[in-house]
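The following exercises ask the reader to work through a protein chain step by step. Please attempt each task before reading its solution.

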Amino acid sequence: MLRIHFTGKDLGGVRMAAGPDPLWETILSFHRIRDRRGPLAYGEWRRETRTRLNGETGLLSALVPQRGYFPDFLTPAQGRLGFDAGLEAGLEALHATPRERIHAELTLLAAGNERGRDPGGRLAPLADGGPRRLGRLVETLRTYHRAAVEPYWPHIRARAEADRALRGRALLDGGADELLSTLPPMLRWRSPVLEADYPVDRELRLNGRGLLLQPSFFCRSTPVVHRDPTLPPVLVYPVTHSDAPAVTERGGPTLGRLVGHTRSAVLRAIEHGSTTSELARRTGVSLASASQHACVLREAGLVVTLRHGNAVLHTLTPLGAALLRGGGHAAGLYARNGPVTS
């Protein structure tokens with residue numbers, strides 16, 4: 001079990017990540033690519049991603065075992081800036097990791113390896129090498145990310161942003177206590193301790209540093225924290241899955257149904273998050289009509305819906321937000337080859 005100990009100052013320092021972290025998603029997706037769990041959420045993603053992989057898994061398998069510890073330096077804080085800036089800033093920070101830290105964390109990894117040795121002999125050159133060795137790791141992570149995460153980023157971001165809206169409502173309704181009480185079932189808030197299902201016993205004392213809550217699409221079953229207690233505290237936890245991370249094509253028959261002033265008004269009303277009751281009130285339609293409009297928008301990939309207590313909360317996907325803004329790049333947000341770049 002993991003126990004995270006809060007002080008009063010820590011409760012005031014609880015905050016939500018601005019969005020999914022590209023490097024956390026990259027590393028955790030590598031766990032998912034090797035197991036068979038969660039077939040509804042990850043099955044199609046696994047099949048599609050495996051066809052795009054081309055030798056990236058060797059070094060990553062040595063660094064990220066199927067269970068247990070993986071090095072903290074793989075997920076630097078700089079990755080939390082978002083998809084584009086976050087990925088490159090995170091990889092740059094990883095490349096600049098001091099050799100002493102790399103050696104210490106790889107030694108810890110090797111000590112916990114089930115076979116008591118470095119599988120394939122891949123870690124020793126990384127631990128003893130300089131920037132060139134780290135450059136190889138950076139390029140491996142970048143290539144794997146392009147195959148496994150980038151094509152699905154709009155869906156991943158939509159799920160994380162929907163979760164952020166849900167937690168934000170809880171924070172506004174009841175403060176940090178309410179927010180921590182609404183986290184997924186594997187996390188239990190028993191003030192002043194947040195308990196979590198965890199493969200080993202860990203005590204994490206925040207000591208006034210606060211806690212960053214990081215929702216993750218590829219995290220599953222148990223949350224993740226850094227092993228090094230001196231690093232800024234981050235709790236990575238699973239988002240709610242309602243469908244698979246498919247790459248949605250534009251121009252299908254569902255999008256053709258998105259016409260008329262009422263549905264446009266519904267989309268605007270959802271911009272900052274809305275329950276079905278709020279949606280009906282804001283747009284002047286019946287509860288049944290509001291629910292039906294939200295369903296059409298959800299089927300079109302413009303809205304994500306999550307349960308919030310006895311109600312449901314609707315939030316916009318990146319495509320829905322772009323359509324609402326009238327952005328010309330909206331048509332490419334779900335392109336088959338990934339996000340559009342200029």
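**Exercise 1.** At what angle do the axes of helix 2 and helix 3 cross? Classify the arrangement, and describe the residues that form the contact.

*Solution.* The model is a predicted one.

Step 1. Helix 2 spans residues 22-34 and helix 3 spans residues 39-52; their axes come within 10 Å and cross at roughly 95 degrees.

Step 2. An angle of 65 to 115 degrees counts as roughly perpendicular. Helix 2 and helix 3 are therefore roughly perpendicular to each other.

Step 3. On the side of helix 2, the contact is made by Ser29, Arg32, Ile33 and Arg34, and on the side of helix 3 by Tyr42, Trp45, Arg46, Thr49 and Arg50.

Step 4. Sorted by class, the contact of helix 2 with helix 3 contains four charged, three nonpolar and two polar residues.

**Exercise 2.** Repeat the analysis for helix 11 and helix 12. At what angle do they pack, and how far apart are their axes?

*Solution.* Step 1. Helix 11 (residues 276-283) and helix 12 (residues 287-299) pack at about 105 degrees, and their axes are 8 Å apart.

Step 2. The range for roughly perpendicular is again 65 to 115 degrees. Helix 11 and helix 12 are therefore roughly perpendicular to each other.

Step 3. From helix 11, Thr276, Ser277, Leu279 and Ala280 meet Leu287, Ala290, Ser291 and Ala294 of helix 12.

Step 4. The contact of helix 11 with helix 12 has five nonpolar residues, three polar residues and no charged residues.

Step 5. Consider one residue of this contact. Ser277 lies in helix 11 and counts as partly exposed, at 41% relative accessibility. Ser277 and Ala290 are 13 residues apart along the chain, and their C-alpha atoms are separated by 7.9 Å.

**Exercise 3.** Which residues of helix 10 are buried, and which are exposed on the other side?

*Solution.* Step 1. Helix 10 covers residues 261-269, and its buried residues include Arg263, Val266, Leu267 and Ala269.

Step 2. These four residues are on the same side of helix 10, because they cover an arc of only 160 degrees around the axis.

Step 3. His261 and Arg268 are exposed on the other side of helix 10.

**Exercise 4.** Describe the surroundings of Leu63 and of Ala162. Is each residue buried or exposed?

*Solution.* Step 1. Leu63 is located in helix 4 (residues 57-63). Buried means under 20% relative accessible area. With a value of 0%, Leu63 is therefore buried.

Step 2. Neighbours within four places in sequence are left aside. Leu63 is then in contact with Phe70, Pro71, Phe73, Leu74, Leu106, Leu109, Leu123, Leu126 and Leu137. Leu74, one of these partners, is eleven residues from Leu63 in sequence and 9.0 Å away, C-alpha to C-alpha.

Step 3. Ala162 belongs to helix 9 (residues 153-181). Its relative accessible area is 3%, so Ala162 is buried.

Step 4. Not counting residues up to four places away in sequence, Ala162 touches Val304, Leu306 and Thr315. Ala162 and Thr315 are 153 residues apart in sequence, but 5.7 Å apart in space, C-alpha to C-alpha.

**Exercise 5.** Examine the backbone in three loops. Which residues does a cis peptide bond join, and what is the phi of Asn207 and of Ser221?

*Solution.* Step 1. The cis peptide bond joins Ser191 and Pro192, with omega at about 5 degrees. Pro192 lies in the loop between strand 3 (187-190) and strand 4 (193-196).

Step 2. Asn207 is not a glycine, although it has a positive phi of about 55 degrees. The loop that holds Asn207 runs between strand 5 (202-205) and strand 6 (211-216). Asn207 counts as exposed, at 61% relative accessibility.

Step 3. Ser221, another residue other than glycine, has a positive phi near 75 degrees. Ser221 is in the loop between strand 6 and strand 7 (234-238). At 34% relative accessibility, Ser221 counts as partly exposed.

**Exercise 6.** Characterise the chain as a whole. How many helices and strands does the chain have, and what share of its residues is buried?

*Solution.* Step 1. There are 13 helices and ten strands in the chain.

Step 2. Of the 342 residues in the chain, 51% are buried.

Step 3. Take the contacts between residues at least 6 apart in sequence: 70% of them join residues at least 24 apart.

Step 4. The chain has an accessible surface of about 15900 Å², and carbon and sulfur atoms account for 52% of this area.

Conventions. Residues numbered from 1 in each chain as written. Predicted model: local features only at pLDDT ≥ 70, side-chain atom pairs only at ≥ 80, totals over all residues. Heavy atoms only, no water. Axes fitted to C-alpha atoms, helices over the stretch in contact; angles between N-to-C directions. Helix = DSSP H or I, 4+ residues; strand = E, 2+ residues; numbered from the N terminus. Parallel < 35°, antiparallel > 145°, perpendicular 65-115°, else oblique. Contact = heavy atoms within 4.5 Å. Nonpolar A, V, L, I, M, F, W, Y, C, P; charged D, E, K, R; others polar. Buried < 20%, exposed > 50% of the residue type's maximum accessible area, 1.4 Å probe, protein only. Arc of directions from axis to C-beta. Areas by Shrake-Rupley, 256 points an atom, 1.4 Å probe, with all protein chains shown as cover.
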